[in-house]
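Work through the exercises below with the model open. Each task is followed by a worked solution.

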Amino acid sequence: MTPAAQVSAAIEILAELAERRRPAADAIKDWGLSHRFAGSKDRASISSLVFDALRKRASAAFLMGSDAPRAVVVGALRESRGLSVEEIAALFSGEGHAPAPLTDEERERLAAATLEGAPAHILGDYPEWLAERFAAAFGAAAAEEGRALAARAPIDLRANILKASREDALRRLAHLSPEPTPLSPLGLRIAPPTKGRGPALTAESAYVKGLVEPQDEGSQLAALLCAAEPGEQVLDLCAGGGGKTLALAGQMHNRGQIYAFDDDGRRLTPIYPRLERAGARNVQVRAPRGKADVLADLEARCGLVLIDAPCTGTGTWRRHPDAKWRLAPGALEERIAEQQELLDKAPRFVKAGGRVVYVTCSLLIDENEAQIARFLEGHADFSAVPAEEAAAKAGLPELTQFSSPHGAGFRLTPLTAGTDGFYVCVLKRG
Ligand SMILES: C[S@@+](CC[C@H](N)C(=O)[O-])C[C@H]1O[C@@H](n2cnc3c(N)ncnc32)[C@H](O)[C@@H]1O
């Protein structure tokens, strides 16, 4: 396919997404199935165009004076890719499978329109209904935080210390030019591709042999702040695919026991091969079994209960730019209710002196500091561990700089920490 035909395909897919609220990856996959002539490189280029347009959907629409898919793609080619009017005009030639030529108005806007005077949610490319919540979380930095969330994310990996040091992993992957991550002592970072496909990581022998695991640096830090110790009894209450479970198994050097639970058994499916590949041997997966209380024996036994809570995922928009436009207010309310339920459930399993670590990949106060404040009101035997103390316990005193200005816990954002957005709070019993 020509680059211009790829642009046409991206516009077509965005039109489909505007009609049906569905993940962009699904729409791209379906498009590929019904256009068999498109090769894998074409599909990667189209996918990258669609995601770039979604990253900049609000600002591109503002620039072009229209939120039609074509306008968004035209605007995003300027905003995301930095193309000139002539470069964009060359793609919109109207020839063959190229989109229709630029109109005079489109040309004028591309040449002269600016974002001056645009409100923060346009400058930061996030939904208008979240504007108040972003202002509460970030104040005057809301637009800048939004812009950082609209950028492409790097590929972060965690060295699996059960099998390799970070130095080993860096050497093994040297052909991908990884850099050590600045905050996590276990992290490796590969720059994001400017367009098209990134490296085929799962084909790397370092991955196949379990020396590295893809995990955003923020997620690595959340796991490190758990400060799990060898020999501890740990309940991972929302284990899902096991990203944090694996990190905890490494921290514990395979000693002690991790119980990995998720109330949706299907979500646990990937954990089995991942544990195998990582060489994690201290994990018992406790899949739900109908109405049976599969965690009954853990009552008051755990030194650590991790709640990696279901959330709106506002911190992960760099990786899922379509999610920000699909998120609806009702979903936020549902997540808040689930988070409260989990926070109320966790103390049952915590022994005296033990801790609960509450984590979300959201940046909204309602899902984070407000949840912790509510929890502490109802659980007088728990207190939030001050950020300085929690950071020191994790051996990462520099994380104190990310202590939340809105209450207990840590806030990491792409702008301030260069990670996905994460909230982490360590709560101690007694
Ligand atoms: C953020 S994801 C977990 C990600 C995982 N810990 C990781 O690092 O890969 C949240 C998980 O919570 C699970 N969940 C939602 N409500 C739950 C509940 N009441 N009890 C246990 N798990 C729950 C979801 O099924 C989902 O897998």
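## Exercise 1: The cores

Task: In the largest nonpolar core of this predicted model, find which residues touch the most other members.

Solution. Start with the membership: the largest nonpolar core holds 67 residues. Rank them by the other members they touch, and Leu225, Val305, Ile307, Val357 and Tyr358 come out on top. Next, ask which element gives the most to this core. That is strand 12 (residues 422–429), with 6 residues. Then look for a further core. A second, separate one has 44 residues, including Ala27, Leu49, Ile122 and Leu364. As background, nonpolar side chains in soluble globular proteins tend to be buried together.

Task: List the contacts of Tyr358, leaving aside its neighbours within four places in sequence.

Solution. Apply the cut-off: a contact needs C-beta atoms within 7 Å. Tyr358 is then in contact with Ile307, Ala309, Leu343, Ile372, Cys425 and Leu427. Now check these partners against the top of the ranking. Ile307 is listed there, as is Tyr358 itself.

## Exercise 2: The whole chain

Task: Decide whether the radius of gyration of the protein chain agrees or disagrees with that of a compact globule.

Solution. Take the length first: 430 residues. A compact globule of that length would have a radius of gyration near 22 Å. The protein chain has 23 Å, so the two agree. For the outline, the C-alpha atoms fill a box of roughly 70 × 45 × 45 Å along the principal axes. For the interior, buried residues make up 49% of the chain. For the secondary structure, count 20 helices and 12 strands. Finish with the contacts between residues at least 6 apart in sequence: 70% of them join residues at least 24 apart.

## Exercise 3: The domains

Task: Divide the chain into domains, then describe how domain 1 touches domain 3.

Solution. The assignment gives domain 1 (3–115), domain 2 (155–214) and domain 3 (217–429). The C-alpha centres of domain 1 and domain 3 lie 38 Å apart. Their contact takes 7 residues from domain 1 and 4 residues from domain 3. On the domain 1 side, helix 3 (residues 40–55) gives the largest share, 3 residues. By class, that side has 4 nonpolar, no polar and 3 charged residues.

## Exercise 4: The ligand shell

Task: Which residues come nearest to the ligand, and how does its shell divide by class?

Solution. The shell has 17 residues; Cys238, Gly240, Gly243, Asp263 and Asp308 come nearest. Two elements give two or more residues each: helix 14 (243–251) and helix 17 (329–345). Helix 17 gives the largest share, 3 residues. Last, sort by class: 5 nonpolar, 4 polar and 8 charged.

Notes: Residues numbered from 1 in each chain as written. Predicted model: local features only at pLDDT ≥ 70, side-chain atom pairs only at ≥ 80, totals over all residues. Core = buried A, V, L, I, M, F, W, Y, C linked by C-beta atoms within 7 Å. Buried ≥ 20, exposed ≤ 12 C-beta atoms within 10 Å, placed from the backbone. Helix = DSSP H or I, 4+ residues; strand = E, 2+ residues; numbered from the N terminus. Contact = placed C-beta atoms within 7 Å. Rg over C-alpha atoms; globule rule 2.2 N^0.38 Å. Domains from an automatic or database assignment. Nonpolar A, V, L, I, M, F, W, Y, C, P; charged D, E, K, R; others polar. Near = placed C-beta within 6 Å.
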